[in-house]
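Good morning, colleagues. I should like to take you through one chain this morning, beginning with a pair of strands and ending with the ligand. Please have the sequence and the model before you.

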Amino acid sequence: ARMIALVPAAGSGSRFGAPSPKQYLQLNGKPLMWHALATLAAVPGVDEVAVVVSPQDEWFDGFDWDLPKLSVRRVGGASRAESVANGLAALACAEDDWVLVHDAARCCLSVAAVERLIAALSGHVVGGLLALPVPDTVKRADADGHVAATVTRNGLWLAQTPQMFRAGVLENALRGVAAEDITDEAAAVERLGLKPLLVEGDAQNFKVTYPRDLALARAILAARED
Ligand code: C5P
């Protein structure tokens, strides 16, 4: 079976408030998403790194990505799920191919974390995702911002990416849900009644969401270059 990394990068980054989408911001001399693409391309088992950008994207062609295995599909949609579904359709995978969906904005992904995921899922029929046990005490708020309840964190995990699924499973899962409010691929797979495996990720694999996240990403990437 082939193993394809699929990176949805068709978001506008509205929470970020920069003129260009955050995936194209310069970070340590490269576009932000270059770092994750480079990590995925460096994983020996990965055959192709396919980026999904918006049909109106004005930035992708402006960079010399200079990465092996890289391809681009200009089929981004209105939601992340739609971008992934469109990318999958464009890739024409076999049912048992593996697809590793990774957020363009998780730029500090490490090769070790991806290899841990791949190793944990060897022979698995469905797939799974990197995730971290919730380290803090979790509160549910009421409408006035007071604590309504303390939620036991036992068994709670924070979902990361890559989320790695058999292509056939992912296609079935995303069919019909693309426009709905799912925020990761695992949620779509769970709706089929399937159980993705949770594989320990790492704290460095956070998603750059706000400008304040950039300093941490810079420091992590700079330390790796030493
Ligand atoms: O907005 P958020 O940070 O959750 O986006 C997660 C990932 O999904 C990002 O890599 C973003 O570029 C991508 N995305 C997409 N198409 C959309 C919305 C988000 O590819 N319509």
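Let us begin with a single pair of residues: Val7 stands opposite Val51 of strand S4. I should say at once that this is a predicted model. Val7 belongs to strand S1, residues 3-8, and S1 and S4 run parallel, joined by 5 bridges. S4 also pairs with S5, again in the parallel sense, over 4 bridges. In that pairing, Leu70 of S5 is the bridge partner of Val49.

How enclosed is S4 itself? Of its 5 residues, 48-52, 4 are buried, so the strand is largely enclosed by the rest of the structure.

Turning to S5, which spans residues 70-73, I would draw your attention to Val72. Is Val72 buried, exposed or partly exposed? Val72 has 17 C-beta neighbours inside 10 Å and therefore counts as partly exposed, since burial requires 20 or more. Leaving aside residues up to four places away in sequence, Val72 touches Val51, Val53 and Phe60. By contrast, Ala113 lies 41 residues from Val72 along the chain, and their C-alpha atoms are separated by 24 Å.

I move now to helix H4, residues 167-174. Which of its residues are buried? They are Ala167, Val169, Leu170, Ala173 and Leu174. These residues cover an arc of only 160 degrees around the axis, which puts them on the same side of H4. The general background is that an α-helix has 3.6 residues a turn, so residues three or four places apart point the same way. The cover over the buried residues of H4 includes helices H2 (80-91) and H5 (185-190), together with strands S6 (98-101), S7 (127-133) and S10 (157-166). After H4 comes Gly176, whose phi is positive, near 95 degrees.

Next, the chain as a whole. It has 6 helices and 11 strands. Its C-alpha atoms fill a box of roughly 50 × 40 × 35 Å along the principal axes. For 226 residues, a compact globule would have a radius of gyration near 17 Å, and the chain agrees with this at 17 Å. Of the 226 residues, 39% count as buried. Among contacts between residues at least 6 apart in sequence, 71% join residues at least 24 apart.

Finally, the ligand. How many residues surround it? There are 17, and the closest are Pro8, Ala10, Gly11, Ser83 and Ala104. The shell divides into 7 nonpolar, 7 polar and 3 charged residues. Two of the elements already discussed return here: Pro8 falls within the range of S1, residues 3-8, and Ser83 within that of H2, 80-91.

Thank you for your attention.

Conventions: Residues numbered from 1 in each chain as written. Predicted model: local features only at pLDDT ≥ 70, side-chain atom pairs only at ≥ 80, totals over all residues. Near = placed C-beta within 6 Å. Nonpolar A, V, L, I, M, F, W, Y, C, P; charged D, E, K, R; others polar. Rg over C-alpha atoms; globule rule 2.2 N^0.38 Å. Buried ≥ 20, exposed ≤ 12 C-beta atoms within 10 Å, placed from the backbone. Contact = placed C-beta atoms within 7 Å. Arc of directions from axis to C-beta. Pairing = 2+ DSSP bridges.
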